[in-house]
Amino acid sequence: MARVYLRFTRISPICHHVVTAFRYTKSMKKLPFIMNDGGREATRPDERLDCTVRALAVYLGINYLDAHKMMERYRKDKHKSNSTRLAYAEQGLVFLPIKTTLGRFMSIFGGNYIIAVKGHVMAIKDGIIQDMQGHGSNKVVKGIFVKDNV
């Protein structure tokens, strides 16, 4: 990974002199990505905050409305991670806590997963992110959902 140094200039609040500093940042690599809404555009184009439904539809290979019906029981608690875990458990998915970056995870593991990051979940099919947007390699993974029999 290449090192990138950003140069920024600011005025010191203590002595009012111009201070030039260099901050090290890691370069962020874009990961393989296919834009996939899980069929939302054809069935419910105005739906928002539905990443759990889209990820489930893509991962299981079912249509968006079927995934939406599966998640419907847990809709009132949609912002709680426990409700997502319970809904996915009904479909035979098990949550495995992992703390690594998305780039490192994808470089080690191939296959199919639902990845949980802070405030979002996304499907990975055959080592390619299938979501509405691309994600950088520095995004921290909280855990993965996989089929119980895998």
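**Notebook: chain layout and the α2/α3 contact**

I counted the secondary-structure elements and recorded 5 helices and 8 strands in the chain. I note at the outset that the model is predicted.

I then read the elements in order along the sequence and wrote the pattern as β-β-β-α-α-α-α-β-α-β-β-β-β.

Next I looked up burial for the whole chain. Of its 150 residues, 35% count as buried. For the exposed surface I entered about 9600 Å², with 54% of that area supplied by carbon and sulfur atoms.

I also checked how far apart in sequence the contacting residues lie. Taking contacts between residues at least 6 apart in sequence, I found that 57% join residues at least 24 apart.

I turned to one helix pair, α2 (residues 51-60) and α3 (residues 64-71). Two packed helices are described by the angle between their axes and the distance between the axes, and I looked up both. The angle is about 120°, and the axes are 8 Å apart. An angle of 65 to 115 degrees would count as roughly perpendicular and one over 145 as roughly antiparallel; α2 and α3 are therefore oblique to each other. I recorded the handedness of the α2 and α3 crossing as right-handed.

Finally, I listed the residues that meet. From α2 I entered Thr52, Val53, Arg54, Leu56, Ala57 and Leu60; from α3, Tyr64, Ala67, His68, Met70 and Met71. Sorted by character, the residues of this contact comprise 8 nonpolar, 2 polar and 1 charged.

Methods:
Residues numbered from 1 in each chain as written. Predicted model: local features only at pLDDT ≥ 70, side-chain atom pairs only at ≥ 80, totals over all residues. Heavy atoms only, no water. Axes fitted to C-alpha atoms, helices over the stretch in contact; angles between N-to-C directions. Helix = DSSP H or I, 4+ residues; strand = E, 2+ residues; numbered from the N terminus. Parallel < 35°, antiparallel > 145°, perpendicular 65-115°, else oblique. Left-handed = near helix turned anticlockwise from the far one by under 90°. Contact = heavy atoms within 4.5 Å. Nonpolar A, V, L, I, M, F, W, Y, C, P; charged D, E, K, R; others polar. Buried < 20%, exposed > 50% of the residue type's maximum accessible area, 1.4 Å probe, protein only. Areas by Shrake-Rupley, 256 points an atom, 1.4 Å probe, with all protein chains shown as cover.
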